[in-house]
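Trainee: Could we walk through this model together, one residue at a time?
Mentor: Happily; let's have it in front of us.

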Amino acid sequence: VPCYCGCGSEGHSSNESCFIARRDARGNVLEWDTHGYGCTICVDVAREALQLYSSGADVNSIRAAIEKKRTPGPPASKTPTPFPPRK
């Protein structure tokens, strides 16, 4: 899921990278990124994604809903998040 706070300039590639700096090969968190904890936009995007996921939405639907809500915005404010694989 993209982030919309402008953190792409910090090297973030998604909302996840606002909170997680590194994972190991198994997906375990090795290092946290504290940026997301102090940014209301990052927290709001993460909360919206979690609420949609908890309601049964799939990853593509979650991304579409968040992009619809958060766009339009300045193009530079959206992280360059790749789309999830289609099933």
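What follows is a short set of questions and answers on a histidine, a core and a ring pair.

Mentor: This is a predicted model, where local features need pLDDT of at least 70, side-chain atom pairs count only at pLDDT 80 or more, and totals for chains, interfaces and linings use all residues. Residues are numbered from 1 along each chain as its sequence is written, and side-chain values use heavy atoms, leaving out hydrogens and water.

Trainee: Is His12 buried or exposed?
Mentor: Buried means under 20% relative accessible area, exposed over 50% and partly exposed in between (1.4 Å probe, protein chains only). His12 has 6% relative accessibility, so it counts as buried.

Trainee: Which side chain makes a polar contact with the side chain of His12?
Mentor: Such a contact is a pair of N or O atoms within 3.5 Å; within protein, one must be able to donate a hydrogen and the other to accept it, and residues adjacent in sequence count only if both atoms are side-chain atoms. For His12 the distance is 2.9 Å, and the partner is Asp33.

Trainee: How are the rings of Phe19 and Tyr37 arranged?
Mentor: Rings of Phe, Tyr and Trp (its six-membered ring) pair if their centres lie within 6.5 Å; planes under 30 degrees apart count as stacked, over 60 as edge-to-face and the rest as tilted. One aromatic pair is found in the whole structure. Here the centres are 5.3 Å apart and the planes at 75°, so the pair is edge-to-face.

Trainee: And is Tyr37 buried, partly exposed or exposed?
Mentor: Its partner Phe19, at 13% relative accessibility, counts as buried. Tyr37 has 48%, so Tyr37 counts as partly exposed.
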